[in-house]
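Me: Please take one part of this fold and look at it closely, then follow the chain outward from there. I would like the cut-offs behind each term as you go.

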Amino acid sequence: MKRREALKLGGAAAVVGVGAALLSGCEEKVKIVEKECPKPEAPVAAPAIVKKTIDMVMVATWPRDFPGLGTGAQRLAQRINDMTEGRIKVQYFAAKERVGAFDSFDEVASGNAQAYHAADYYWKGKHLGWAYFTAVPFGLTYTEMNAWIRFGGGQQLWDKLAGEFGLKNLMAGNTGVQMGGWFNKEINSADDFKGLKMRIPGLGGDVLAKLGASPVSIPGGQIYENLVSGAIDATEWVGPWNDRFMKFYEAAKYYYFPGMHEPGSTLALGMNASWWGTLSKTDQTIIEAAASMENDVMMAEYNAKSGEALADLVQNQGVKLREFNDDVYDSFGVAAAEVFETVRAHSPLAGEIHESFLAARKDLGAWSKISDQAYVAQRNRVLGV
Ligand code: CA
């Protein structure tokens, strides 16, 4: 029997058996008089064939099947399973299926679960630096964020911050520029925010607090009931595609853009750092690739679906689309500067993250202005869009 034919048998036993047969010089007899061939005393384990399953429990801050955020996180979990042919066995738990949305951080930092999919600005109460790795007021767009994280020192600072909590985090999704929010009245000046109870997390909430609003941070799954009951007066969530799904238009008709608070919200795959450290370089690279792909795919899906959803909201649901005027935006700017001073003073690491962010924003902003921004403005002007 030829070696080539023997290999067709497949499986570790066949390969090891033939190897032993070749060594003993009785390869021609393998098939016919197999019993005469000496059996290997202890078959040498073949590492490439041994399937050692690695458990990866992933919790999330999103309701199950929630469009974009939830389906993207679920797609990421499935992708890691698929890329490893189940060798990394990812078990995905949406919000409340294992722990509450905002308990995801502790679940992973403690090692009870290996990973979370979340917006890291939810953890700003633990350290203000977390806000920068989702989105901050007057922050970075999707393309700018990618540039900062990958080439502007952002990932290193994220690693430093996450390391303080026993985590290792990667970009794993993006919503793009978010809408300013849903209101039951027009917003014509900063005064209109006074006394307004609004769902808006992250540093954006701190900005509105400077203008006299009462920001609250509640998980996505609980916003609608609070808005309908009047427990909150206004809310932001994401953009037309997600917001239509949430039916906010049933309780508030004024839909404002653009949101100053989340210009390109990055979603994170946060992992327990000790667990991450036990993975092979191959497995780390697979997870990095899977997360990077979701970062790209989720953004594409948001862009693809937002235009149709917005048209439907305006044409069929009676939504009044409004743009924040320059006076309102100027007030946002003044308040944001005050908030950033608080962040800078929070800790040396928060200050370091802030300085890196500022340098990136200045450089990237100047380039965006004469590239994406200038081109799209001219294209749309000529085409009358
Ligand atoms: Ca949001």
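Reply: F257 stands opposite E323 in strand 11, and the two strands concerned, strand 9 and strand 11 (residues 320-323), run parallel and are joined by 4 bridges. Helices and strands here are DSSP runs numbered from the N terminus, with H or I over at least four residues for a helix and E over at least two for a strand, and two strands count as paired if DSSP finds at least two bridges between them. This is a predicted model, in which local features need a pLDDT of at least 70, side-chain atom pairs count only at pLDDT 80 or more, and totals for chains, interfaces and linings use all residues. Residues are numbered from 1 along each chain as its sequence is written, and side-chain values use heavy atoms, with hydrogens and water left out.

Strand 9 (residues 254-257) also pairs with strand 5, in the antiparallel sense and over 3 bridges; there, the bridge partner of F183 is Y254 in strand 9.

On the chain leading into strand 11, V319 is found in the loop between helix 11 and strand 11. V319 has a relative accessible area of 5% and therefore counts as buried, a word that stands for under 20% relative accessible area, with exposed meaning over 50% and partly exposed the range in between (1.4 Å probe, protein chains only). Leaving aside neighbours within four places in sequence, V319 is in contact (heavy atoms within 4.5 Å) with W182, Y249, K253, Y255, L313 and V314. V319 and W182 are 137 residues apart in sequence, while their C-alpha atoms are 9.6 Å apart in space.

Following strand 5 (181-183) back along the chain, one reaches the loop between strand 4 (167-174) and strand 5, where Q178 lies. The calcium ion has as its protein donors Q178 (OE1), E236 (OE), E236 (OE), W237 (O) and E262 (OE), at 2.2 to 2.7 Å from the ion. Donors are N, O and S atoms within 2.8 Å of the metal, or 3.2 Å for Na, K and Ca, and sites may look incomplete because water is not among the atoms. The spacing of the donor residues in sequence is Q-x57-E-W-x24-E. Q178 and W237 link distant parts of the chain, being 59 residues apart, with W237 in the loop between strand 8 (234-235) and helix 9 (240-246); both Q178 and W237 are buried.

Following helix 11 (residues 281-316) back from the loop of V319, one comes to D283, which lies in this helix. D283 is buried, because its relative accessible area is 3%, and its contacts, not counting residues up to four places away in sequence, are I54, R87 and I88. Those contacts lead to another pair of strands: strand 1 (residues 54-60) and strand 2 (residues 88-93) pair in the parallel sense over 6 bridges, with M58 opposite Y92 in strand 2. Together with helix 3 (residues 69-83), they make a right-handed β-α-β unit, right-handed in that the path from the first strand over the helix to the second runs clockwise when the strands point away from the viewer.

Helix 11 is also among the elements against which the buried residues of helix 5 pack, the others being helix 6 (154-164), strand 4, strand 10 (266-272) and helix 13 (348-383). Those buried residues of helix 5 (residues 142-151) are Y142, E144, M145, N146, W148 and I149, and just after the helix G153 takes a positive phi of about 90°.

Beyond strand 11 comes helix 12 (326-346), which is included in what covers the buried residues of helix 7, as are strand 6 (197-199) and strand 7 (214-216). A336 lies in helix 12 and is buried, because its relative accessible area is 3%; A336 touches P137, F138 and V207, not counting residues up to four places away in sequence.

As for the protein overall, 49% of its 385 residues count as buried. The average pLDDT, the predictor's confidence in each residue on a scale from 0 to 100, is 90, and 87% of the residues score at least 70. Over residues 1-35, however, the pLDDT is below 50, although this stretch has 27 contacts in the model beyond near neighbours in sequence. Where pLDDT is low, the predicted coordinates should not be read in detail.
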